[in-house]
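The following exercises are to be worked with the sequence and the coordinates at hand. Each task is followed by a solution in steps.

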Amino acid sequence: MTDCYSHHSRFYVSVDCIIFGVSDGKLNVLLTERNFEPEKGKWSLMGGFVREGESVDEAASRVLLELTGLRGTFMRQVKTFGDIGRDPGARVISVAYYALLTPDLIDEAVLHEYNACWNDVNNLPELGFDHPEMIVKARAQLCRRIATEPIAFRLLPDMFTLTQLQTLYELILDEQLDKRNFRKRVAENPCIEPTGIIDKTGSRRGAMLYRFNYDSYKSTEKFKI
């Protein structure tokens, strides 16, 4: 069996994680400044090579765990990047994933260890490799999915106002949404329910807090905004 493969070229396989989070009114992506070659001194996504005995998905989960200290984080595969010259160090084929989490969940000490920080997705520093393309592809996929999958709620606290929800969608889509139409669509979604709790941190009158009912969603597997 080995002889069937011996005359074929061998390549490295890696994973890269596009980690999105929202803070300070911006959609951010987590980047690390490289202190080794290739592309030393440039910023890059967090990634690593697939190890013996682990699948590509497992490798991505490991990389995410190492950087964030979190298990079970929402993650989806974007696509495979395999241009011949994408890595100046060697022929490397990379599978990109995007993850969604709130920045406050990550230990600052872990970020310091990896020389990582959050960057505005609309104002990124110079990136190495083909990581700019990865971020663009990941955001495009995220934009497509938030209309029919309840993934955006992973970037919100458990209870949120409708203003927070609309602001989040506008940040992801990079466009302004009509308030009346957006709230009409939210009202038609049975998975988004009012809590009866008023948040008065923003104004004296306050705003109703809502939550996403995952049990309701699981019973129908239907979602639309």
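**Exercise 1.** In which strand does Thr 195 lie? Describe the surroundings of its side chain.

*Solution.* The model is a predicted one.
Step 1. Thr 195 belongs to strand S8, which spans residues 192-199.
Step 2. A polar atom of the Thr 195 side chain is 2.8 Å from the backbone oxygen of Leu 209.
Step 3. The backbone nitrogen of Ile 197 is also approached by a polar atom of the Thr 195 side chain, at 3.1 Å.
Step 4. Beyond the neighbours within four places in sequence, the contacts of Thr 195 are Met 159, Met 208, Leu 209, Tyr 210 and Arg 211. Leu 209 thus appears both in this contact list and as the partner of the Thr 195 side chain through its backbone oxygen.

**Exercise 2.** Characterise the overall architecture of the protein.

*Solution.*
Step 1. Count the secondary structure: there are 6 helices and 9 strands.
Step 2. Consider the extent: along the principal axes, the C-alpha atoms occupy a box of roughly 70 × 40 × 30 Å.
Step 3. Consider burial and surface: 42% of the 225 residues count as buried, and the accessible surface is about 13100 Å², with 48% of it belonging to carbon and sulfur atoms.
Step 4. Consider the range of contacts: of those between residues at least 6 apart in sequence, 65% join residues at least 24 apart.
Step 5. Consider charge: the 29 positive and 32 negative charges have mean positions 8 Å apart.

**Exercise 3.** Which side chain of opposite charge is nearest to Arg 139? Establish what else surrounds this arginine.

*Solution.*
Step 1. Arg 139 is placed in helix H3, residues 131-145.
Step 2. Arg 139 is buried, and the nearest side chain of opposite charge is that of Asp 174, at 4.3 Å.
Step 3. A salt bridge requires a nitrogen-oxygen separation within 4 Å. Arg 139 has no salt bridge.
Step 4. A polar atom of the Arg 139 side chain does lie 2.8 Å from the backbone oxygen of Leu 171.
Step 5. With neighbours within four places in sequence set aside, the contacts of Arg 139 include Phe 20, Leu 27, Val 121 and Asn 122, as well as Leu 171, Ile 172, Leu 173 and Asp 174.
Step 6. Turn to Asp 174: this residue is in the loop between helix H4 (162-173) and helix H5 (179-187). Asp 174 counts as exposed, at 52% relative accessibility, and its phi is near 60°, a positive value in a residue other than glycine.

**Exercise 4.** How many salt bridges does the structure hold? Compare the settings of three of them.

*Solution.*
Step 1. The total is 10 salt bridges.
Step 2. Asp 130 and Arg 86 form one of them, with N and O 2.8 Å apart. This pair links distant parts of the chain, 44 residues apart: Asp 130 is in the loop between strand S7 (116-120) and H3, and Arg 86 in the loop between strand S5 (74-81) and strand S6 (92-100). Asp 130 and Arg 86 are both buried.
Step 3. Glu 66 and Arg 62 form another, at 3.5 Å from N to O. The two are separated by about one helical turn because they are 4 residues apart in helix H1 (residues 56-68). Glu 66 is partly exposed, at 32% relative accessible area, whereas Arg 62 counts as buried, at 15%.
Step 4. Glu 188 and Lys 184 form a further one, their closest N and O atoms being 2.7 Å apart. Both Glu 188 and Lys 184 are exposed.
Step 5. Shared partners join Arg 51, Glu 54, Arg 62 and Glu 66 into one network of salt bridges.

**Exercise 5.** With which side chain does the side chain of Gln 77 make a polar contact?

*Solution.*
Step 1. Gln 77 is in strand S5 and is partly exposed, its relative accessible area being 40%.
Step 2. Not counting residues up to four places away in sequence, Gln 77 touches Asp 57, Val 95, Ala 96, Tyr 97 and Gln 141.
Step 3. The polar contact is with the side chain of Tyr 97, at 3.2 Å.

**Exercise 6.** Which peptide bond is cis? Examine also the backbone of Asn 115.

*Solution.*
Step 1. The bond from Glu 37 to Pro 38 is cis, with omega near 0°. Pro 38 is in the loop between strand S2 (26-33) and strand S3 (43-44).
Step 2. Asn 115 is in the loop between helix H2 (108-113) and S7, and has a positive phi, near 55°.

Key. Residues numbered from 1 in each chain as written. Predicted model: local features only at pLDDT ≥ 70, side-chain atom pairs only at ≥ 80, totals over all residues. Heavy atoms only, no water. Buried < 20%, exposed > 50% of the residue type's maximum accessible area, 1.4 Å probe, protein only. Contact = heavy atoms within 4.5 Å. Areas by Shrake-Rupley, 256 points an atom, 1.4 Å probe, with all protein chains shown as cover. Lys, Arg positive; Asp, Glu negative; His and termini not counted. Charge placed at Lys NZ, Arg CZ, Asp CG, Glu CD. Polar contact = N/O pair within 3.5 Å; in protein donor to acceptor, adjacent residues only side chain to side chain.
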